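Colleague: Could you show me how to read strands, helices and surface patches in a model such as this?

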Amino acid sequence: MRPQSLYASSDSRLGRVMARDSLPTRGYEIPGMGAYPRLGFGMIRSDDSQSYEELNGDGSDKHPDFHQSIFDDPDVEEPNGSSEAPDEDLPESGPSLRFSKACLKNVFTVFLIFVYLLLTTVAVFLAYQTITDFLEKLNHPVMSVIYKEVDFFPPPGIALYPGKAQLLSCKHYNHNYIPPLLAPGTPEEGDCTMEQVSYVGPFTNQTQKQALVVQGPSDVRNKEVIFMQFSLTDADEDFSAITYMLFAKFGDLALSPDKPAFMMDCEKNYSTWTFSGGFRTWVKMSLVMTSGKTDDAVEFRQESGVVKYNDRRTNITDELFFVVFEWRDPFIQEIKLIVTANPWNSVAILCGVFMALFKAANFAKLSVSWMIRMRKRHLRNRARELNSVT
C-alpha cells in the first residue's frame with residue numbers, strides 16, 4: 001500500500017507542476033485555487049523537488065529548451081516590467097518619413113515664397129504703371145469736338161496794318177455778291193465801323209505800330225461779306241503786302257479802357273496773315289473755341305483764295321489791294337479738353353495692390369518663422385538622438 005500512495009501523490013504533484021508550467025508568465029485566476037502567481041523552477045518549494053526528480057528525473061533532459069523558450073518569448077515581461085525588443089524590430093521608417101515630409105513642406109514653402117515675391121513684383125509694377133498712366137492722362141487730356149450751329153456770330157475784330165497804303169473803301173455786302181468796280185483807285189463812301197489804335201509792338205523793340213481795326217461781318221445766314229480796297233503809291237520794299245490779324249470780338253476793343261494794351265495782348269495771342277497787291281484775296285473765317293483746364297481760348301482759322309486783278313486803267317501810278325472777309329459756315333467749333341483719368345479707379349487699383357503686398361508680406365513672415373521653428377525642432381530632435389546614442 002505504501003508504493004501506491006507514493007505514486008498517487010507523485011502524480012498529483014506532477015499535474016500541479018505541469019499546470020503551473022502551461023500558464024502564462026503573469027498571474028491568473030484559477031477556479032478553486034485563487035490567484036496563481038508566476039512561477040519558475042527556482043520558485044518550486046524544496047520539499048517537492050526531490051519527488052519531482054524521482055518521478056521524472058532531470059527536467060533538462062526531457063525538455064532541454066524549456067527554460068530558454070520561456071525567456072525568449074517576446075510576449076513575456078520581465079519582473080521589473082521592462083521589456084527590450086531586438087534592434088531589428090524597431091520601426092526605422094518613422095523618423096525618416098517625418099523628415100521627408102518636413103523637407104517637402106520646407107521646399108513647398110520656399111516655392112510659395114518665390115511665387116509671392118513674383119506676384120509682389122508684378123503688383124509693384126502694376127502700381128507704378130497705374131500711377132504713370134494716371135499722370136499721363138492728367139497731363140494730356142483728350143479733345144472732344146462739338147459743332148454748334150448759329151445764325152449770327154459776334155462781330156470779330158479785323159486789325160489791318162496798311163503801313164503806307166491808304167484805305168479807299170470798306171463796304172458790307174450780302175449773299176457773296178460784290179458789284180463791279182466803277183472807279184478803281186479812287187476813294188469811295190464806306191459803311192464800316194472802324195478805329196485807329198497806336199501801340200508799341202510786343203515783338204518789335206519799342207516800335208510804334210498803327211492798327212486800323214474794322215468791325216467784321218456777323219450775319220452768317222445771309223452770307224454777309226466785307227469788301228475793302230487799298231492803294232499803295234510809293235513802295236519802298238521789294239514785296240508789297242498788307243498784314244492783318246483777327247481777334248474774337250470787336251466789342252471788347254470798343255469797351256476796353258486801355259486799347260493799346262488790349263492790342264498788345266491780341267498780337268501776343270493771335271496769329272497774323274498777309275494779302276498781296278494786284279490780287280483779290282478772299283478770306284473765309286471759322287471760329288474755334290477751346291475750353292478745358294485753363295481759361296477759355298478763341299482761335300480763328302481761315303481759308304483764303306487769291307484771284308488776279310486785271311487793272312485796265314490808263315495811267316497806273318499806284319498798286320491796288322483787294323480783300324474780302326466772310327464766315328465759312330454757320331458752325332462754331334467747340335473743343336473741350338476732357339481728362340479721362342479716373343482717380344477713383346486708380347485709387348481702387350492701388351488699394352488692391354497694397355492689400356496684395358500686405359498679404360504677401362504677412363505670408364512670407366509666417367512662412368519664414370515656421371521654417372525657423374521646424375529647423376530648430378529638427379536640430380533639437382537630432383541632438384536628443386545623438387545624446388541617447390552616446
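The dialogue below takes up a strand, a helix and a surface patch in turn.

Modeller: This is a predicted model, in which local features need pLDDT of at least 70 and side-chain atom pairs count only at pLDDT 80 or more, while totals for chains, interfaces and linings use all residues. Residues are numbered from 1 along each chain as its sequence is written, and side-chain values use heavy atoms, with hydrogens and water left out.

Colleague: Why is strand β4 described as largely enclosed by the rest of the structure?

Modeller: Helices (H or I, at least four residues) and strands (E, at least two) are DSSP runs numbered from the N terminus, and buried means under 20% relative accessible area, exposed over 50% and partly exposed in between, with a 1.4 Å probe and protein chains only. Strand β4 covers residues 157–161, and 5 of its 5 residues are buried, so it is largely enclosed; Gly157, Ala159 and Tyr161 point one way, whereas Ile158 and Leu160 point the other way.

Colleague: Which strands are joined to β4 by bridges?

Modeller: Two strands pair if DSSP finds at least two bridges between them. Strand β7 (residues 208–215) runs antiparallel to β4 with 4 bridges, and alanine 159 stands opposite valine 213 there; β9 (residues 241–247) is also antiparallel to β4, with 5 bridges, and leucine 160 faces tyrosine 244.

Colleague: Where does leucine 138 lie, and is it buried or partly exposed?

Modeller: Leucine 138 lies in helix α5, residues 93–139, and counts as partly exposed because its relative accessibility is 35%. Its C-alpha is 5.8 Å from that of valine 339, although the two are 201 residues apart in sequence.
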